[in-house]
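Me: I should like to go through the reasoning behind several labels applied to a structure. Please set each value against its cut-off before concluding.

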Amino acid sequence: MKILLLGQGGQVGWELQRALAPLGEVVGLDHDSTELHGDFSRPEALAATVAAVKPDLIVNAAAHTAVDKAESEPELARAINATAPGVLARCAAETGAWLVHYSTDYVFDGSGETARDEQAATGPLSVYGQTKLEGEELIRASGCRHLILRTSWVYAARGGNFARTMLRLAAERERLTVIDDQIGAPTGADLLADLTAQMVRTAMSTAAGSDLDLSGVYHAVASGETSWHGYASFVIERARQKGRELKVQTIDPVPTSAFPTPAQRPHNSRLSTHKLQQVFGLRLPPWQQGVERMLTEIL
Ligand SMILES: NC(=O)c1ccc[n+]([C@@H]2O[C@H](COP(=O)([O-])OP(=O)(O)OC[C@H]3O[C@@H](n4cnc5c(N)ncnc54)[C@H](OP(=O)(O)O)[C@@H]3O)[C@@H](O)[C@H]2O)c1
């Protein structure tokens, strides 16, 4: 199998390089790759890349993920999050390739307190959420065989992340204030990449042996839920248990309004993973398990 991986240097892309390797030959691209065009700000040029690689599977981990910046550059966000995935989907539909794409809890308005399933009404609050939703719609409209994984609060051991920021601040200050009215599930890029490999294998082998098509959107997050305050408290407590000396004495819970940002964030990011678990027979581990592992790597 030949796999074209876009956005290979991002949190999820990096883990996908590892997780997809046993499935076939992976051609990985970044936005500045020189031999083949991988820049999503010029979406139409991606068709030539697909034609050159002739992949059986396209995995798109590239996205405009700077949520606040997207508010002031909506056209660039739209090119990267919607038009480019649309071009990839059109190519996949023409060649019969499968397309894997990632989307977000930001396609929802975040009202209420229950977990949303894949059928729930969308209502993005930000340019990022709106353009990610448009990307989903273009993929569905193309008719290509696809898996769209909607996820939330993604972290990785590599590069900057929320836990690292909290640990730095906790070493410098006695008092921290952290948002406690946004609820979601921190989800590891490694978990997403492993889910992707498992899901692709099942979906592609099922399609080859029958008319059953597992194409569709799936919510893919770690199990359980917490607030950013709960997440920060967990990280700091575990770091202390592992011997890290921290100055912080108090972690004050505050509402989202205490930290105004250009983009509005959903308060309720709970996603039901029932469909993914049922269709693919996979289990989503508790969020603490992945965060604990990541801490072991970064501490
Ligand atoms: N991070 C989250 O909390 C979160 C939550 C829900 C859903 N998601 C979704 O999960 C997927 C993976 O996110 P992530 O956390 O891995 O994001 P990330 O670490 O920000 O990676 C994004 C990737 O996109 C690439 N990219 C940006 N502009 C590009 C362009 N013009 N052309 C080509 N590539 C470009 C980046 O490459 P360069 O750095 O080289 O530009 C980077 O490799 C995305 O679809 C995202 O929307 C993420």
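The exchange below concerns a predicted model and takes up ligand contacts, salt bridges and burial in turn.

Me: What makes the approach of Thr65 to the ligand a polar contact?

Reply: An N or O atom in the side chain of Thr65 is 2.6 Å from an oxygen atom of the ligand. A polar contact requires a pair of N or O atoms within 3.5 Å, so the pair of Thr65 and the ligand qualifies. The protein covers 79% of the 890 Å² of accessible area that the ligand has on its own.

Me: How do you know that the backbone of Phe40 makes a polar contact with the ligand?

Reply: A polar backbone atom of Phe40 lies 2.8 Å from a nitrogen atom of the ligand. The limit is 3.5 Å, and therefore this pair counts as a polar contact. Phe40 is also among the closest of the 24 residues that surround the ligand. By class, that shell has 10 nonpolar, 12 polar and 2 charged residues.

Me: Why is the pair of Arg140 and Glu136 called a salt bridge?

Reply: The closest N and O atoms of Arg140 and Glu136 are 3.2 Å apart. The criterion is a side-chain nitrogen of Lys or Arg within 4 Å of a carboxyl oxygen of Asp or Glu, so the pair is called a salt bridge. Both residues lie in helix α5, 4 residues apart, which is about one turn of the helix.

Me: Why is Glu136 called buried or exposed?

Reply: Glu136 has a relative accessibility of 0%. Buried means under 20%, so Glu136 counts as buried. Its partner Arg140, at 36%, counts as partly exposed, because the value falls between the cut-offs of 20% and 50%.

Me: What makes Arg175 and Asp252 a salt bridge?

Reply: Their closest N and O atoms are 2.6 Å apart, and the limit is 4 Å; the pair therefore qualifies. This pair links distant parts of the chain, with Arg175 in strand β7 and Asp252 in strand β12, 77 residues apart. Arg175 counts as exposed because its relative accessibility is 53% and the cut-off is over 50%.

Me: How do you know whether Arg238 is buried or exposed?

Reply: The relative accessibility of Arg238 is 19%; the cut-off for buried is under 20%, so Arg238 counts as buried. Glu237, at 41%, is partly exposed. Salt bridges that share partners join Glu237, Arg238, Lys242 and Glu292 into one network.

Conventions: Residues are numbered from 1 along each chain as its sequence is written. This is a predicted model: local features need pLDDT of at least 70, side-chain atom pairs count only at pLDDT 80 or more; totals for chains, interfaces and linings use all residues. Side-chain values use heavy atoms; hydrogens and water are left out. A residue is near a molecule or strand if one of its heavy atoms lies within 4 Å of it. A polar contact is a pair of N or O atoms within 3.5 Å; within protein, one must be able to donate a hydrogen and the other to accept it, and residues adjacent in sequence count only if both atoms are side-chain atoms. Accessible areas come from the Shrake-Rupley method with a 1.4 Å probe; for residues, only the protein chains shown count as cover. Ala, Val, Leu, Ile, Met, Phe, Trp, Tyr, Cys and Pro count as nonpolar, Asp, Glu, Lys and Arg as charged, and the others, Gly among them, as polar. Helices (H or I, at least four residues) and strands (E, at least two) are DSSP runs, numbered from the N terminus. Buried means under 20% relative accessible area, exposed over 50%, partly exposed in between (1.4 Å probe, protein chains only).
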